Amino acid sequence: MNPLDELNQLTALFPSEEPLIAKAEHVAGALVPEPYQQLLVHNSHMTVSMERHHQSEVDVKVLEQRFIEDIYVRKILLLKTGTDKVVQFGIVRFDFQYVTDAVRDEILSGEIPLGRALINHNVLRHIDLGAVLRITPGPELARLMSTSTDQITYGRLATIFCNQQPAVDLLEISAPLA
């Protein structure tokens, strides 16, 4: 699938009066500048990458969540633990049929990041990096990240395979880094 079509499908899950993203461009991973390249261009969990980069555990803040038929979707922020500092925005589309009820219940609790829940439950998983995007925030994303609409940042589209099945589609956007 075209990365921009996938981006549009994920962002359309949460319509808003303000645009979330003003502009997005697909960028080859090798051309992504540091520190975004190290943060985003890999096949690992963003929870772990964010914690390593920010030298802090992260907490999840669920902004919106619901089910569309059997598919769970949510819009989240990751925050440095114990602070209001946003380190990542994300949209998740999760088919729970590929995980246990305990994993589903922990994710639905909204108390820990999705990646941490999968790691804690030792879910057999593989993360497939789909695309890296250069993002110009729209008013909604700028407001959520306490930044301006002219502050460029980077994000990625990825799929998490749980027990060898494509269970989770992700949009993960790093807060702008100095």
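## Working through a seven-stranded sheet

Strand 2 (residues 58–68) runs antiparallel to strand 3, and ten bridges join them. The model is predicted, so local features need pLDDT of at least 70 and side-chain atom pairs count only at pLDDT 80 or more, while totals for chains, interfaces and linings use all residues. Residues are numbered from 1 along each chain as its sequence is written, and side-chain values use heavy atoms, with hydrogens and water left out.

### Elements along the chain

**Task.** Find how many helices and strands the protein chain has, and write down their pattern along the sequence.

**Solution.** Start with what is counted: helices (H or I, at least four residues) and strands (E, at least two) are DSSP runs, numbered from the N terminus. Next, count them: the protein chain has six helices and seven strands. Then read along the sequence, where the pattern is α-β-α-α-β-β-β-α-α-β-α-β-β.

### Two hairpins around strand 3

**Task.** Describe how strand 3 is linked to strand 2 and to strand 4.

**Solution.** Begin with the rule for pairing: two strands pair if DSSP finds at least two bridges between them.

Step one is the side facing strand 2. Here aspartate 59 has leucine 79 of strand 3 as its bridge partner. The two strands form a hairpin with two residues between them, and glutamate 69 in the turn has a positive phi of about 55 degrees.

Step two is strand 4 (residues 86–95), which pairs with strand 3 in the antiparallel sense over nine bridges. One place to look is isoleucine 71, whose bridge partner in strand 4 is aspartate 95. This hairpin has five residues between its strands, and glycine 82 in the turn shows a positive phi of about 80 degrees.

Step three: is strand 3 mostly covered or mostly open? Eight of the ten residues of strand 3 (residues 71–80) are buried, where buried means under 20% relative accessible area, exposed over 50%, and partly exposed in between (1.4 Å probe, protein chains only).

### The whole sheet and its helices

**Task.** Put the seven strands in their order in the sheet, then place helix 1 and helix 4.

**Solution.** The open sheet has the order 1-5-6-7-4-3-2, with antiparallel pairing. Strand 1 (21–27) and strand 2 are the edge strands, as each pairs on one side only. On average, neighbouring strands are turned by 25 degrees against each other, direction ignored.

Helix 1 (residues 3–11) packs on this sheet and touches strand 1, strand 4, strand 5, strand 6 and strand 7. Contact here means heavy atoms within 4.5 Å. The direction of helix 1 makes about 90 degrees with that of strand 7. Axes are lines fitted to C-alpha atoms, for helices over the stretch in contact, and angles run from 0 to 180 degrees between N-to-C directions. Helix 4 (residues 101–109) lies across strand 2, strand 3 and strand 4, at about 55 degrees to strand 3.

Now look at the join between strand 4 and strand 7 (residues 165–174): seven bridges hold this antiparallel pair. Among the partners, isoleucine 91 is matched with leucine 171 in strand 7.

### Two residues up close

**Task.** Why does threonine 153 count as buried, and which backbone oxygen does its side chain reach?

**Solution.** Threonine 153 sits in strand 6 (residues 153–162). It counts as buried because its relative accessibility is 0%. Its side chain reaches the backbone oxygen of serine 174 at 2.6 Å. Beyond four places in sequence, the contacts of threonine 153 include Tyr36, Leu133 and Pro176.

**Task.** Where is proline 137, and how far is it from alanine 22 in sequence and in space?

**Solution.** Proline 137 lies in strand 5 (residues 125–137), and it is buried, with a relative accessible area of 1%. Proline 137 and alanine 22 are 115 residues apart in sequence, yet their C-alpha atoms are 5.4 Å apart in space.

### The nonpolar cores

**Task.** Which residues touch the most other members of the largest nonpolar core?

**Solution.** A nonpolar core is a set of buried Ala, Val, Leu, Ile, Met, Phe, Trp, Tyr and Cys residues joined through side-chain atoms within 4.5 Å. In the largest core, of 23 residues, Ile21, Phe89, Ile91, Leu141, Leu171 and Ile173 touch the most other members. Elements giving two or more residues to this core include helix 1, strand 1 and helix 6 (139–144). A second, separate core has 19 residues, among them Val92 and Leu170.

Key
A polar contact is a pair of N or O atoms within 3.5 Å; within protein, one must be able to donate a hydrogen and the other to accept it, and residues adjacent in sequence count only if both atoms are side-chain atoms.
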